[in-house]
Amino acid sequence: MTINEKQDEIIDELSGLDDWMDRYSYIIDLGNSLPAIDEQLKTPSRLIEGCQSRVWLDARLSPDGKVEFTADSDAIIVKGIISMLIDVLSGHTPQEILDADLYFIDRIGLSEHLSPTRSNGLLAMVKQMRLYATAFKALEQK
């Protein structure tokens, strides 16, 4: 499934939920279903700077050239948000990740329903995922 197909799937899921409390519940459920990250990966170097809560993000480049992300957070809503980002971006090439327009964030109204510090954290998560993609792309070109 392409990045845009994944985004459209999330938009469709959330469009059926008019109430933002229901949307938050859905996002929290996504976070609860996020596979546990290896405790050894919860290091300061994997903490995302700029997040109000603690978010650990790790990425690996698979043998077939796809980026696989894993993450965890100590805040349930943030864990749901990173879960959505992982769902959209994992399993794609570094170039696909770098070229992605993450329009689902605005279309579901997430940015406008987050506090300013959580919005900054969301941007920091996206930035870190793109930094991983940039690093993996550079490795591929060597």
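Reader: How far apart are the closest N and O of E39 and K42 in their salt bridge?

Author: First, the general idea: a salt bridge is a side-chain nitrogen of Lys or Arg within 4 Å of a carboxyl oxygen of Asp or Glu. Here the side chains of E39 and K42 meet that way, at 3.3 Å from N to O. Keep in mind that this is a predicted model, where local features need pLDDT of at least 70, side-chain atom pairs count only at pLDDT 80 or more, and totals for chains, interfaces and linings use all residues. Residues are numbered from 1 along each chain as its sequence is written, and side-chain values use heavy atoms, leaving out hydrogens and water.

Reader: Is E39 buried or exposed?

Author: Buried means under 20% relative accessible area, exposed means over 50%, and partly exposed lies in between (1.4 Å probe, protein chains only). E39 has 55%, so it counts as exposed. K42 has 25%, so K42 is partly exposed.

Reader: How many salt bridges turn up in the whole structure?

Author: Seven. One of them joins D74 and R54, with the closest N and O atoms 3.7 Å apart. That pair links distant parts of the chain, 20 residues apart: D74 sits in the loop between β2 (67–73) and α3, and R54 in the loop between α2 (20–32) and β1 (55–61). Those labels come from DSSP runs, numbered from the N terminus: helices are H or I with at least four residues, strands are E with at least two. R54 is partly exposed because its relative accessibility is 46%.

Reader: Which residues are joined into one network by salt bridges that share partners?

Author: E39, K42, D72 and K79.

Reader: And which residue forms a salt bridge with K6?

Author: D87, at 3.1 Å between the closest N and O atoms. K6 is in helix α1 (residues 3–15) and D87 in helix α3, 81 residues apart. K6 counts as buried because its relative accessibility is 18%, while D87, at 30%, counts as partly exposed.

Reader: At what angle do the axes of α3 and α6 cross?

Author: Axes are lines fitted to C-alpha atoms, for helices over the stretch in contact, and angles run from 0 to 180 degrees between N-to-C directions. Helix α3 (residues 76–89) and helix α6 (residues 116–140) have axes that come within 11 Å and cross at roughly 30°. That makes α3 roughly parallel to α6, a label for angles under 35 degrees (over 145 is roughly antiparallel, 65 to 115 roughly perpendicular, the rest oblique).
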